[in-house]
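Me: Hi, I've just opened this one and I'm new to it. Can you walk me through it?

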Amino acid sequence: MLMQSDYNGVSALDAFYQPQHSFLNYHLYTLPVPSNEGRKFFIPDNLREELLKRAERNHVGPAPGLPLPEEVQGYHSLVPLEMASPEKKKVGNWSTMVYKATKISDGRTYALRRIENFRLMNEQAFSVLEKWTKIRHPGIVSVREAFTCRAFGDNSLVVVYDYHPNAQSLAEAHFRSHKGPYQAGRAVHPERITEQTLWSYIFQIASAIKVVHDAGLAVRMVDASKILLVGQNRVKISSCAIFDILLYETRQDQFLMQQEDMILFAKLIMSLACNNPSAVSNVHKSLDHVHRFYPGNIKDVIHYLMKAPGPMKNIQGLFDAFGGRLVTELDMAHATIDHLEGELMGELENSRLVRLLCKFGFINERPEFDRDPRWSETGDRYIIKLFRDYVFHSVDENGNPVVNLGHVLTNLNKLDAASDERFMLVSRDEQSCLVVTYREVRNCIEAAFGDLARGNR
């Protein structure tokens, strides 16, 4: 725990409040990238809303009354991520449940997938985790650790993964209408996945499968209910390593399991293209549907993945045969990066403004300054009070408060850049005025805050 004395040293304060110098003469907001029109101070509402939803989900606490343990192997504040129902979700023949939990040792949030009523017969089953925990790929939800416990009142296997707040499975995103809902007596079917989006899914999942196969492992979870949609067209394979632990005693051939991954992948593509999880029950009809609505090579991808197992059939062959489509996917990725970098520009210098506002908060209205001559109407720091009034307490010709965020941001940015532009400050009684530069106000603030940091007044 940090004590107050930890914050009293000048060196620690200097490191955090060190002025940021810039070659700009006025405000520090950088120009927008060429693809963005106009100047923006903040990220767009839709992106902000999505990030806020993720932050909210990340900090949701456990609901009262739930029969959950307070702590499980160093994880606390468990929150179920799946709705409880009589028909529990299955992994193989085992019932499963996913929880969000916070780890005591690092304070980070993780996803815990619990396999109910599983008794581990051989501790060597955890040996495969060494390979899985080394895999880091943007298309795979990283595996952290696994353990058994009796905290839930039974013998449970718990596998810990990175937590991606506000994510949903591909099944929830694209198959939900087959379980309802209904409007005006008719089922509401989701929109058909665009061919561009489907190709994006294919290459992301294929890239993740390739990394797993190259590590000498098999995914064994290429299923719409276990692939997460974590952002716009961004997917990640989750629940990896579970079957390797559950079925450790069966010891299946690794080559055959990797071939099975590709067949499961073909079935997944078919189901997504048909917007129907049962599409694999009639392969010929489903392939005709794919060919009719997706005139590209998606049908050929399915044919390749469903070929009979053989030494020449591997996931790399998918990239060799259809790699030309990767150019479009790469272009989309670069366009997304450019867009996000452009939006990030709008928030780039906000830390400087927060630093300035923190200094204002430390300096203004301190009772020990009431009798200090430097803060009187003739003192050199009186202009800090006047500047605060100029920025935050301005009124219009009718005496109404001026609540103009642009006015605040513009003046704070000029102040932080120490502009030589002159402006006039007027006292509250309107009996005196001062013509100063932003550089002079900046120097007064730095001097006042420096005295506070050194314990002087």
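**Strand pairs and neighbours**

Reply: Sure, let's begin with one pair of residues: Lys 90 has Ser 95 of strand E4 as its bridge partner. Keep in mind that this is a predicted model.

Me: Which strands are being paired there, and in what sense?
Reply: Strand E3 (residues 90-91) and E4, in the antiparallel sense, over two bridges.

Me: How many residues sit between E3 and E4 in their hairpin?
Reply: Two residues lie between them, and Gly 92 in the turn has a positive phi of about 70°.

Me: What does E4 do with strand E5?
Reply: E4 and strand E5 (residues 109-115) run antiparallel and are joined by seven bridges. One facing pair is Ala 101 and Tyr 110, the latter in E5. These two strands also make a hairpin, with five residues between the strands, where Gly 107 has a positive phi near 75°.

Me: And how many bridges link E2 to E4?
Reply: Four bridges, with strand E2 (residues 75-80) running antiparallel to E4. Opposite His 76 you'll find Thr 102 in E4.

Me: What holds paired strands together in general?
Reply: Backbone hydrogen bonds, with the strands of a sheet either parallel or antiparallel.

Me: Back to E4, how many of its residues are buried?
Reply: Nine of the ten residues in strand E4 (residues 94-103) are buried, so the strand is largely enclosed by the rest of the structure.

Me: Let's pick a residue in E2. Is Tyr 75 buried or exposed?
Reply: Tyr 75, which is found in strand E2, has a relative accessible area of 1%, so Tyr 75 is buried. The cut-off for that word is under 20%.

Me: What is Tyr 75 in contact with?
Reply: Leaving aside neighbours within four places in sequence, the contacts of Tyr 75 include Ala 101, Thr 102, Tyr 110, Leu 112, Phe 147 and Val 160. Glu 70, Lys 103 and Glu 145 are in contact with Tyr 75 too. As for Ala 101, its C-alpha atom is 5.9 Å from that of Tyr 75, though the two are 26 residues apart along the chain.

Me: Changing topic: which strands make up the open sheet, and in what order?
Reply: That sheet has three strands in the order E8-E11-E12, with antiparallel pairing. E8 and E12 are the edge strands, each pairing on one side only.

Me: How many bridges are there between E11 and E12?
Reply: Four bridges connect strand E11 (residues 227-231) with E12. Among the facing residues are Leu 229 and Val 235, with Val 235 in E12.

Me: Which strands does helix H5 lie across?
Reply: Helix H5 (residues 195-214) lies across E11 and E12, and runs at about 30° to E12.

Me: Where is Ala 241?
Reply: Ala 241 is in the loop between strand E12 (234-237) and helix H6 (242-246). The phi of Ala 241 is near 80°, a positive value in a residue other than glycine.

Me: What sign does phi usually have outside glycine?
Reply: Most residues other than glycine have a negative phi. Asn 166 also has a positive phi, of about 65°, and is not a glycine. Asn 166 lies in the loop between strand E7 (156-162) and strand E8 (168-169).

Me: How accessible are those two residues?
Reply: Asn 166 is partly exposed, with a relative accessible area of 26%. Ala 241 counts as buried at 2%.

Me: Now helices. At what angle do H12 and H15 cross?
Reply: Roughly 60°, and the axes of helix H12 (residues 350-363) and helix H15 (residues 438-453) come within 10 Å. The contact is made by Lys 359, Phe 360, Phe 362 and Ile 363 of H12, with Ile 445, Glu 446, Ala 448, Phe 449 and Leu 452 on the H15 side. Of the residues in this contact, seven are nonpolar, two are charged and none are polar.

Me: Finally, how many helices and strands does the chain have?
Reply: The chain has 15 helices and 14 strands. It has 457 residues, and 42% of them count as buried. About 25,800 Å² of the chain is exposed, with 53% of that supplied by carbon and sulfur atoms.

Definitions and conventions. Residues numbered from 1 in each chain as written. Predicted model: local features only at pLDDT ≥ 70, side-chain atom pairs only at ≥ 80, totals over all residues. Heavy atoms only, no water. Buried < 20%, exposed > 50% of the residue type's maximum accessible area, 1.4 Å probe, protein only. Pairing = 2+ DSSP bridges. Areas by Shrake-Rupley, 256 points an atom, 1.4 Å probe, with all protein chains shown as cover. Axes fitted to C-alpha atoms, helices over the stretch in contact; angles between N-to-C directions. Contact = heavy atoms within 4.5 Å. Nonpolar A, V, L, I, M, F, W, Y, C, P; charged D, E, K, R; others polar.
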